[in-house]
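Open the model in your viewer and keep the sequence panel beside it. The stops below say what to select and what to look for there.

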Amino acid sequence: NSPDYLILESDGSDAWRAEAALDTLREGGIGVLPTDTSYAFVALLSSNDGIKRILALKGIEMGKKPLSLLCADLSTVDRYAAAIDKPMFKLLRSCLPGPYAFILPARNAVPKLVHADGKRTKRREIGIRMPDDPVLAQLLSQLDEPLLCSTVPTSDDGLQLVCHSPADTGDAAWCGLVDFIVDAGERPVDGSTIYDLTEGQLTLVREGLGPLLA
């Protein structure tokens, strides 16, 4: 089956047209949405079927690094990530929304399935993202919970959303595995800057689009 393909303005001015995509997510489906660092496969955190499909899309990467949540605001972050003290909250507030992912201990509100990669994980961790993307921000504001996400691969020549080409091969094989794609134009492909905060201090995991933090 071909996914529903919706083209939106990159500034989010017509994000209201994505209501059908939101309905699909609420019904447990999965799709592709823009972020400020790439496009991402997404599912509602409460959808077990959606989580399983996201994990299957990740394939061999599964379990190598924590999955991330796309959160609408800091109160949502606090609901799903633990051990956020005042200095850490101040840090998050200073650089979110933005192209960062912060790995934090996960609260019990995060389903165990998110951490299930066929093995028992020693620590429950979750990546937290609040992207600075006008389309995604509007869509997240209409949902009651965060979205579990995984980055959509770019093609060998750096193209995004190659999925809508009729000749799907290689990386684009995910095309038939999602229910919808929201295309809001080119997005950066350099990825987010990732910090691990699970030990209570700032540990750089990967440098990406976000400027390094002192």
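Start with V32 and display everything around it. Leaving aside residues up to four places away in sequence, V32 touches Y39, A40, F41, V152, L161, W174, V178, F180, I181 and V182. This is a predicted model, so treat each stop as a feature of the prediction. V32 is also one of four residues, with L69, V77 and L147, that touch the most other members of the largest nonpolar core, a set of 60 residues. Colour strand β3, residues 39-44, next: β3 gives the most to this core, with six residues.

Zoom out to the whole protein chain. Its secondary structure comes to five helices and ten strands. Of the 214 residues, 50% are buried. The accessible surface comes to about 10,800 Å², and carbon and sulfur atoms hold 50% of that area. Among contacts with a separation of 6 or more, 68% are between residues 24 or more positions apart.

**Helix α5**

Select residues 134-141, which form helix α5, and show the side chains. Which residues of α5 are buried? They are V135, L136, L139 and L140. These four lie on the same side of α5, because they cover an arc of only 125° around the axis. An α-helix has 3.6 residues a turn, so residues three or four places apart point the same way.

Now add the elements that this side of the helix meets. The buried residues of α5 pack against α1 (19-26), β2 (30-34), β4 (68-70) and β7 (147-151). Then move to the start of α5 and select D133 with V135. A side-chain oxygen of D133 reaches to within 3.1 Å of the backbone nitrogen of V135.

**D36 and its surroundings**

Select D36, in the loop between β2 and β3. Is D36 buried or exposed? Its relative accessibility is 11%, and the cut-off for buried is under 20%, so D36 counts as buried. Show its polar contacts. The side chain of D36 contacts the side chain of R129 at 2.7 Å, and it also reaches the backbone nitrogen of D132 at 2.9 Å. Expand the selection to the contact neighbours of D36: with residues up to four places away in sequence left out, they are G98, P99, R129, P131, D132, D133, P188 and L209. D133 in that group is the residue whose side chain reaches V135 at the start of α5.

**Two backbone details**

Go to L96 and P97 and display the backbone. The peptide bond joining L96 and P97 is cis, with omega of about 0°. P97 sits in the loop between α4 (86-95) and β5. Next select A83, in the loop between α3 (74-80) and α4. A83 is not a glycine, yet its phi is positive, about 65°. For comparison, most residues other than glycine have a negative phi, and most peptide bonds are trans.

**The aromatic cluster**

Select Y100, F102 and Y195 and show their rings. How many aromatic pairs does the structure hold? There are two. Y100 and F102 form a stacked pair, with 5.9 Å centre to centre and 15° between the planes. The rings of F102 and Y195 have their centres 6.2 Å apart and their planes at 15°, so this pair is stacked too. F102 lies in strand β5 (residues 100-105) and Y195 in strand β9 (residues 193-196), so their pair ties together parts that are 93 residues apart in sequence. Ring pairs thus link Y100, F102 and Y195 into a cluster.

Switch on a surface to check the cover on these rings. Y100 is buried, with a relative accessible area of 5%. F102 counts as buried at 0% relative accessibility, and Y195 is buried as well.

**Y5, the last stop**

Finish near the N terminus with Y5, which is found in strand β1 (residues 4-7). Y5 counts as partly exposed, at 31% relative accessibility. Select D183 with it: the side chains of Y5 and D183 make a polar contact at 2.6 Å. Then draw a C-alpha to C-alpha distance from Y5 to F180. These two residues are 175 residues apart in sequence and 5.8 Å apart in space. F180 is also among the residues that V32 touches, which returns the tour to its starting point.

Methods: Residues numbered from 1 in each chain as written. Predicted model: local features only at pLDDT ≥ 70, side-chain atom pairs only at ≥ 80, totals over all residues. Heavy atoms only, no water. Buried < 20%, exposed > 50% of the residue type's maximum accessible area, 1.4 Å probe, protein only. Helix = DSSP H or I, 4+ residues; strand = E, 2+ residues; numbered from the N terminus. Arc of directions from axis to C-beta. Contact = heavy atoms within 4.5 Å. Polar contact = N/O pair within 3.5 Å; in protein donor to acceptor, adjacent residues only side chain to side chain. Core = buried A, V, L, I, M, F, W, Y, C linked by side-chain atoms within 4.5 Å. Areas by Shrake-Rupley, 256 points an atom, 1.4 Å probe, with all protein chains shown as cover. Phe/Tyr/Trp six-rings, centres within 6.5 Å; stacked < 30°, edge-to-face > 60°.
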